[in-house]
Amino acid sequence: MALAALGARDALAPARTIKRAPEYTTRTALADAGFSEPFVEDFFRPFLSGVFLEEALETSSRVFHLVWRSMLRGALCLPAFGVQSVPRALAAALPEGTVRLGTPVSGLADRGVLTADGTELPARAVVLATGAGAAARMLPGLDVPAQRTVTTYYHVAPRSPLRQPVLLVDTRRRVLNTCVLSDVAPEYAPRGSALVATSVPGHDSEPVRSAVAAALSEMYGTDTTGWDLLVARTIEDALPAMPPPWPLTRTCRAGQGRYVCGDHRGTGSVQGALASGARAAREVLEDLGGK
């Protein structure tokens with residue numbers, strides 16, 4: 001009943017109601033919603049640890065309710081050719097020559113940016129659409145939240161152990177979650193094999209790899225000795241820590257002609273990053289007089 005009530009409120013209430021609600025930690029919010037400690041430990045903590053990359057459930061309750069609302073109102077998906085399909089689709093709508101690839105920026109100039117080869121590119125406005133760390137290096141003094149680190153192990157299996165698009169979580173906390181990606185998007189593995197992705201908090205190490213291998217065998221209920229580790233990817237600044245009080249929206253303006261956007265300027269998620277980018281665009285257009 002508590003879960004049904006939570007779902008109904010978050011799915012049906014306007015987003016502004018959630019944004020104006022009293023703010024606590026997620027753990028406190030779940031307790032106030034009537035969930036028992038065992039239910040939180042067996043259901044919410046394993047799942048939300050993979051969503052927020054933290055096990056203490058210290059994330060802002062407002063962030064939790066907005067994310068929960070999104071999950072209830074929409075469907076999770078994977079682009080067939082990777083998440084890079086999203087920026088490629090955005091870039092495809094731009095005039096030819098708008099985007100320069102392979103051109104790292106080394107710093108900001110008075111009226112633009114400096115590239116790594118020393119070239120100055122003039123610009124009326126500069127938008128730093130980067131991770132929090134890179135933005136802070138460009139703009140010293142920028143408010144940067146603490147960051148969460150995650151490592152994902154990609155295993156190649158001869159066949160899918162599930163044959164359905166299901167996310168598995170671990171109540172024993174050895175891994176955050178695991179999923180057969182090729183069951184979600186068949187393009188992720190060649191015919192006759194399966195790609196399994198398993199995420200853990202923190203960095204890669206041999207003890208962690210051993211623990212992951214043991215956990216996968218138990219969680220999937222199959223012999224995983226024939227699975228090959230394709231690659232391990234560690235993302236240092238994967239997600240901002242979002243304890244209360246956490247501003248759900250903040251201006252992207254960071255000085256005259258300077259703007260910063262990213263999920264660290266909103267809610268830590270793909271949606272938060274896109275929303276922050278849209279906000280930066282609106283502010284740039286407003287400051288430049290719509291030109």
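Of the 291 residues in this chain, 37% count as buried, where buried means under 20% relative accessible area, exposed means over 50%, and partly exposed is in between, using a 1.4 Å probe and protein chains only. Before we go on, please keep in mind that this is a predicted model, so local features need pLDDT of at least 70 and side-chain atom pairs count only at pLDDT 80 or more, while totals for chains, interfaces and linings use all residues. Residues are numbered from 1 along each chain as its sequence is written, and side-chain values use heavy atoms, with hydrogens and water left out.

Let's take the whole chain next. You will find 10 helices and 10 strands here; these are DSSP runs numbered from the N terminus, with helices being H or I over at least four residues and strands being E over at least two. The radius of gyration is 21 Å, close to the 19 Å that the globule rule gives for 291 residues, so the chain is as compact as a globular protein of that length. That radius is taken over C-alpha atoms, and the rule is 2.2 Å times the number of residues to the power 0.38. Along the principal axes, the C-alpha atoms fill a box of roughly 60 × 45 × 35 Å.

How do the contacts spread along the sequence? Among contacts with a separation of 6 or more, 67% are between residues 24 or more positions apart, a contact being heavy atoms within 4.5 Å. On the outside, the chain exposes about 16300 Å², and carbon and sulfur atoms supply 57% of that area. Accessible areas come from the Shrake-Rupley method with a 1.4 Å probe, and for residues only the protein chains shown count as cover.

While we are at the surface, have a look at V83, V86, L90, V270 and L274, which make a nonpolar patch of about 470 Å². Patches are built from residues with over 30% relative accessible area and no salt bridge; nonpolar side chains (Val, Leu, Ile, Met, Phe, Trp, Tyr) are joined within 5 Å, and like charges within 9 Å. Helices α6 (85–92) and α10 (270–287) each supply at least two of the patch residues. One of the patch members, V86, is in helix α6 and counts as partly exposed, at 36% relative accessibility.

Now for the charges. Side chains of opposite charge can pair when their charged atoms come close. For a salt bridge, the rule asks for a side-chain nitrogen of Lys or Arg within 4 Å of a carboxyl oxygen of Asp or Glu, and by this rule the count comes to 15.

Let me show you three of them. The side chains of E23 and R62 meet at 3.8 Å, N to O. E23 sits in the loop between α2 (15–19) and α3 (26–32) and R62 in helix α5, so this pair ties together parts that are 39 residues apart in sequence. Next, R45 and E41 meet at 2.7 Å, N to O. They are four residues apart in helix α4, separated by about one helical turn, and both R45 and E41 are buried. The third pair is E218 with R174, with the closest N and O atoms 3.2 Å apart. Here E218 lies in helix α9 (residues 206–220) and R174 in the loop between β6 and β7, so the pair ties together parts that are 44 residues apart in sequence. Both ends are partly exposed, E218 at 46% relative accessibility and R174 at 21%.

Which residues are linked in a network of salt bridges? They are R27, E37, E41, R45 and R173.

That brings up R173 again, for its backbone. Its phi is near 65 degrees, a positive value in a residue other than glycine. R173 is in the loop between β6 (167–169) and β7 (177–180), and is partly exposed at 39% relative accessibility. L53 also has a positive phi, of about 55 degrees, although it is not a glycine. You can find L53 in the loop between α4 (37–52) and α5, buried with a relative accessible area of 14%.

One more backbone detail: a cis peptide bond joins P244 and P245, with omega about -5 degrees. P245 lies in the loop between β9 (228–240) and β10 (258–261).

Finally, let's visit R69, in helix α5 (residues 61–73). R69 is buried yet has no salt bridge, and the nearest side chain of opposite charge, D10, is 7.2 Å away. For charge, Lys and Arg count as positive and Asp and Glu as negative, while His and the chain ends are not counted. Leaving aside neighbours within four places in sequence, R69 is in contact with D10, A11, A13, P14, A15 and I18.
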